Amino acid sequence: MMASLSDVENSITTSTLPYSYAPLPNGEQPAGNDRPVHSSRKTALFLVSVFLAVASLVALFAGNGPVLPKNLNTSAVPSTAGMPEKVAPLSRGVEKGVSEKSFHPLLGADNSFPWSNNMLDWQRTAFHFQPKKNWMNDPNGPVFYNGWYHLFYQYHPDAPVWGKIVWGHAVSKDLINWRHLPIAMETDEWYDEQGVWTGSATILPNGELVVLYTGSTNESVQVQNLAYPADPSDPLLIKWVKYPGNPVLVPPPGIDNKDFRDPTTAWKTPEGKWRITIGSKINKTGISLVYDTEDFKTFELLDGLLHAVPGTGMWECVDFYPISKQGENGLDTSVDGPGVKHVVKASMDDDRNDYYAIGTYDAYKGKWTPDNPTLDVGIGLRYDYGIYYASKTFYDQNKQRRVLWSWIKETDTEASDIKKGWASLMGVPRTIVLDKKTQSNIIQWPVEEINLLRTNLTVFKNVVVESGSLVPLNLPSASQLDIVAEFEVDKKTVERLNGADIAYDCAKNGGAAQRGALGPFGFSVLAHEGLAEHTPVYFYVAKGVDGNLQTFFCADQSRSSNANDVDKSIYGSIVPVLKGEKLAMRILVDHSIVESFAQEGRTCITSRVYPTKAINNNAQLFLFNNATATKVTASVNVWQMNSAHV
């Protein structure tokens with residue numbers, strides 16, 4: 001049930017608003033053409049000045065009138081009044097044999113913004129999982145066991161930067177409110193002296209639990225190790241035992257000592273054995289090795305591979321699981337049959353994105369084949385087109401669903417992370433099902449439990465947003481929101497327009513400020529008065545010369561902060577929209593993270609944003625339509641979100 005629910009209907013139109021986006025410097029754009037990007041510096045400066053002028057009108061109408069310490073084992077760094085020195089970002093992780101764990105601003109970016117404690121305190125989220133302090137990365141071994149959801153995670157207990165990693169541990173009854181527990185596994189053996197790295201949990205038929213994880217040895221060799229609960233009757237799984245015969249797997253011939261990591265959850269073979277897959281590479285070909293076992297202590301390497309894709313580089317955090325072709329429930333990892341497709345997902349070390357593909361699994365040969373080779377792992381679909389990496393699913397037998405976790409890294413400076421005392425969080429857990437309408441992609445959606453945090457609903461019905469208009473949505477607060485909206489583009493305008501042979505790309509076509517005939521339009525979240533800072537999340541519709549429409553879903557961080565030492569990328573991709581469907585999006589705003597879902601989760605974008613002004617009571621929400629040729633009609637539900645216990 002929603003707490004303190006109050007339905008407030010707001011009827012708003014833009015016809016009386018005295019402001020709009022000014023036309024482009026070369027005059028009005030022809031109605032039937034999407035405008036190409038101009039590279040001229042003069043044009044770009046003019047666009048910026050026009051945008052700032054319009055923002056000033058909006059504000060008037062609304063009436064709103066450190067140096068890195070040598071010792072990183074620290075929990076706090078005193079605030080400094082002066083400008084911090086510029087420091088070169090350090091590389092962390094690569095030398096040890098894992099992906100880069102530090103965010104590196106663009107070459108030449110000014111990393112000296114004077115962040116105040118108030119700004120940094122605001123960045124901590126209210127309903128996303130994160131430890132109390134210090135560094136976190138990959139989710140490990142998520143599982144539902146004896147009435148509790150368990151989340152283990154890569155954790156550096158001594159500092160808010162990547163270092164010697166152990167397994168952090170927390171439990172929950174609802175995937176939203178969490179109880180932090182003692183560290184589950186330390187770096188206390190030669191085979192994991194350099195790190196207790198990523199692994200997975202498997203529930204055996206007798207209900208007992210085993211874990212396989214990668215250890216980095218005293219010589220930085222990646223090996224696989226077995227662990228299990230010291231007391232299987234303890235629902236909190238406080239204490240763990242490492243198998244005395246570890247390691248149970250070492251890199252096979254032909255595989256580099258630092259290219260053998262992240263074992264999956266095991267699944268049953270037709271012969272009754274257990275099977276796992278482990279990511280690796282051969283030269284630049286990403287591969288997934290396959291092993292069978294009967295007892296998780298001795299393993300047989302199968303001939304061939306589960307799958308391989310040339311040119312994709314090292315595969316980390318491989319995941320493999322079934323999805324139902326017809327049903328809405330998730331499936332246990334061992335389920336197979338004619339009504340089942342299988343997903344292979346890999347985290348690409350080369351570009352640090354999570355790619356997946358849907359295909360067919362041959363259980364007898366231990367091989368998987370993609371349905372569409374042009375959308376193979378590493379070259380096709382992604383879980384998320386923003387900041388989203390090292391993800392891991394598990395089958396939740398409690399609610400018969402497959403749940404997805406992912407690490408969401410920081411994209412500010414290491415100096416800022418040290419000052420605030422923490423780094424990284426987990427995305428809101430998502431359910432995964434096959435898109436029954438397209439049969440070619442998965443659907444990701446926040447777990448239903450997140451709705452329990454909703455409160456104070458505000459409804460905006462049939463808001464007409466004219467071309468070039470901006471509509472403030474008056475809310476008591478805008479730092480913790482759940483926004484659900486539908487948009488309709490004027491059909492007569494779409495039919496009248498001539499198509500254009502112009503390709504669109506969210507990242508390369510100028511973001512929300514670049515105007516086309518049918519877009520962009522959507523929301524500006526975490527917006528400051530006058531739009532001095534704001535993060536647009538939007539649709540862009542392009543009509544081709546063949547008359548067909550393509551819809552893109554984008555998130556523009558280029559104006560999200562006045563600071564220059566943070567990521568300001570523009571993210572997004574195409575989203576399938578079927579005949580008769582309205583354009584729909586959902587946005588979860590939780591301080592420095594914005595998670596956006598288009599068309600019920602066909603395309604997802606996670607953003608990390610670090611505003612300097614649009615924080616606390618100064619954060620606002622706007623509807624906007626920057627299309628040149630069409631109005632849009634929006635119906636919006638906005639909930640304030642309570643804080644979870646994290």
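**Salt bridges and a four-stranded antiparallel sheet**

In the predicted model, the side chain of R401 is buried, with a relative accessible area of 8%. Its salt-bridge partner is D396, with a separation of 2.8 Å from N to O. D396 is likewise buried, at a relative accessible area of 0%. Because burial is assigned under 20% relative accessible area, the value of 8% places R401 in the buried class, and the value of 0% does so for D396. The contact between D396 and R401 belongs to a set of 30 salt bridges held by the structure.

A further salt bridge is formed by the side chains of E410 and R608, at 3.0 Å from N to O. E410 is located in the loop between β21 (401–408) and α3 (414–420), whereas R608 belongs to strand β35 (residues 603–608); the pair therefore ties together parts of the chain that are 198 residues apart in sequence. Both partners are assigned to the buried class: E410 has a relative accessible area of 5%, and R608 has a relative accessibility of 0%.

The salt bridge between K582 and E488 has its closest N and O atoms 3.7 Å apart. This pair also links distant parts of the chain, 94 residues apart, with K582 in the loop between β32 (570–574) and β33 (583–590) and E488 in strand β28 (residues 480–489). Here the partners are partly exposed: the relative accessible area of K582 is 40%, and the relative accessibility of E488 is 35%. Since the partly exposed class lies between the limits of 20% and 50%, K582 at 40% falls within that class, as does E488 at 35%. Elsewhere, shared partners connect salt bridges into one network that comprises D396, K399, R401, E448 and E449.

Attention now turns to the backbone pairing. Four strands form an open sheet in the order β6-β7-β8-β9, and their pairing is antiparallel. β6 (195–203) and β9 (240–242) are the edge strands, each of which pairs on one side only. From one strand to the next, the twist averages 30 degrees. Strands of a sheet pair through backbone hydrogen bonds, in a parallel or an antiparallel sense. Within this sheet, strand β7 (residues 209–216) is paired with strand β8 (residues 222–229) in the antiparallel sense, over six bridges. The bridge partner of T214 is Q224, which lies in β8.

Technical notes
Residues are numbered from 1 along each chain as its sequence is written. This is a predicted model: local features need pLDDT of at least 70, side-chain atom pairs count only at pLDDT 80 or more; totals for chains, interfaces and linings use all residues. Side-chain values use heavy atoms; hydrogens and water are left out. Buried means under 20% relative accessible area, exposed over 50%, partly exposed in between (1.4 Å probe, protein chains only). Helices (H or I, at least four residues) and strands (E, at least two) are DSSP runs, numbered from the N terminus. Two strands pair if DSSP finds at least two bridges between them. Axes are lines fitted to C-alpha atoms, for helices over the stretch in contact, and angles run from 0 to 180 degrees between N-to-C directions.
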